[in-house]
Structures are given as structure tokens and as C-alpha cells.
Amino acid sequence: MKTPVRKIQPARDTDYAMLTAVLVSAFDDDPLAIWLYPDQLERRKNHAFFFSESLGESNHETLIDMTETNDAVAIWRHVDHPIKNAPPPGACAGAPEFFAKIAESS
């Protein structure tokens, strides 16, 4: 069976709300996301904020691509883009230590 070929295109500002919903859905059952936000409603709310903010950072150092069918999105950042090393608001109690270890390794 042949894998379907998908056309990749740059996202437009007008796509961001829809792409936020795609990303929230994609990460809803992600193990790390579940650990950070055990409550599904809280997880969806925080992911909606996080992805909306991330998509809004589109500039010369951040590129956003999507499929023409609007079912996949990629956020590409320049290698020098600063990594956020603080846990997201409302994350579980172990999140600060987890993010501190990430910061140490970068």
C-alpha cells in the first residue's frame, strides 16, 4: 500500500486557531502531557493557550508549516531560539524539577 503524499504549505495567521485545535487534539493523549496535566480539561485548556502562543511567534526565527488537508502542523524554530525552562502554569507538582533538569542539560 502506497503512503499518500501530502502537500506541505506555510501556515497563515488565519490558520492559527484551527491549527491550535489540531495540536490540542494531537497531544491530548501524550504521556508527558498527561503527566503534566492529569485532568483532561485542564490539559486541553493549557495546551490551547500554549499552542496558540507558540503559533503566534511566527517570525524569521519560527516557521509554521501545515498540510493542505489541515490535519498536521509543524512549528520550526531556529536552533538559537531560547528554550522555556519554566513549567507551564497549573502543571503537576513534579514539573519544576523536570524543567530544571531540562534547563541543566541545554
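Which residues does Ser54 touch, not counting residues up to four places away in sequence? The legends below take this up after an overview of the predicted model.

**View 1. Overall fold of the predicted chain.** The protein chain has four helices and three strands. From the N terminus on, the elements run β-α-α-α-β-β-α. The C-alpha atoms fill a box of roughly 40 × 30 × 30 Å along the principal axes. Of the 106 residues, 25% count as buried. Take the contacts between residues at least 6 apart in sequence: 55% of them join residues at least 24 apart.

**View 2. Surroundings of Ser54 in helix H3.** Ser54 touches Ile64, Ile75 and Arg77, leaving aside residues up to four places away in sequence. One of these partners, Ile64, lies 10 residues from Ser54 along the chain, and their C-alpha atoms are separated by 9.6 Å. Is Ser54 buried or exposed? Ser54 has a relative accessible area of 2%, so this residue is buried.

**View 3. The largest nonpolar core, 11 residues in all.** Its members are Ala11, Tyr16, Leu19, Val22, Leu23, Val24, Phe51, Leu55, Ile64, Met66 and Val73. Helix H1 (16-26), helix H3 (40-55) and strand E2 (62-67) each give two or more residues to this core. H1 supplies the largest share, five residues. Another core lies apart from this one. That second core has five residues, among them Leu36, Cys92, Ala95 and Phe99.

**View 4. Contacts of the core residue Val73.** Which residues does Val73 touch, not counting residues up to four places away in sequence? The list holds Leu19, Val22, Leu23, Leu55, Ile64, Asp65 and Met66. Among these partners, Leu19, Val22 and Leu23 belong to the largest nonpolar core, as do Leu55, Ile64 and Met66.

**View 5. Helix H1 against helix H3.** The two axes come within 9 Å and cross at roughly 135°. H1 is therefore oblique to H3. The crossing of H1 past H3 is right-handed. On the H1 side, Tyr16, Leu19, Thr20, Leu23 and Val24 make the contact. On the H3 side, Arg44, His47, Ala48, Phe51, Ser52 and Leu55 do so. How many residues of this contact are nonpolar, polar and charged? The split is seven nonpolar, three polar and one charged. Several contact residues are also members of the largest nonpolar core, including Tyr16, Leu19 and Phe51.

Conventions. Residues numbered from 1 in each chain as written. Predicted model: local features only at pLDDT ≥ 70, side-chain atom pairs only at ≥ 80, totals over all residues. Heavy atoms only, no water. Core = buried A, V, L, I, M, F, W, Y, C linked by side-chain atoms within 4.5 Å. Buried < 20%, exposed > 50% of the residue type's maximum accessible area, 1.4 Å probe, protein only. Contact = heavy atoms within 4.5 Å. Axes fitted to C-alpha atoms, helices over the stretch in contact; angles between N-to-C directions. Parallel < 35°, antiparallel > 145°, perpendicular 65-115°, else oblique. Left-handed = near helix turned anticlockwise from the far one by under 90°. Nonpolar A, V, L, I, M, F, W, Y, C, P; charged D, E, K, R; others polar.
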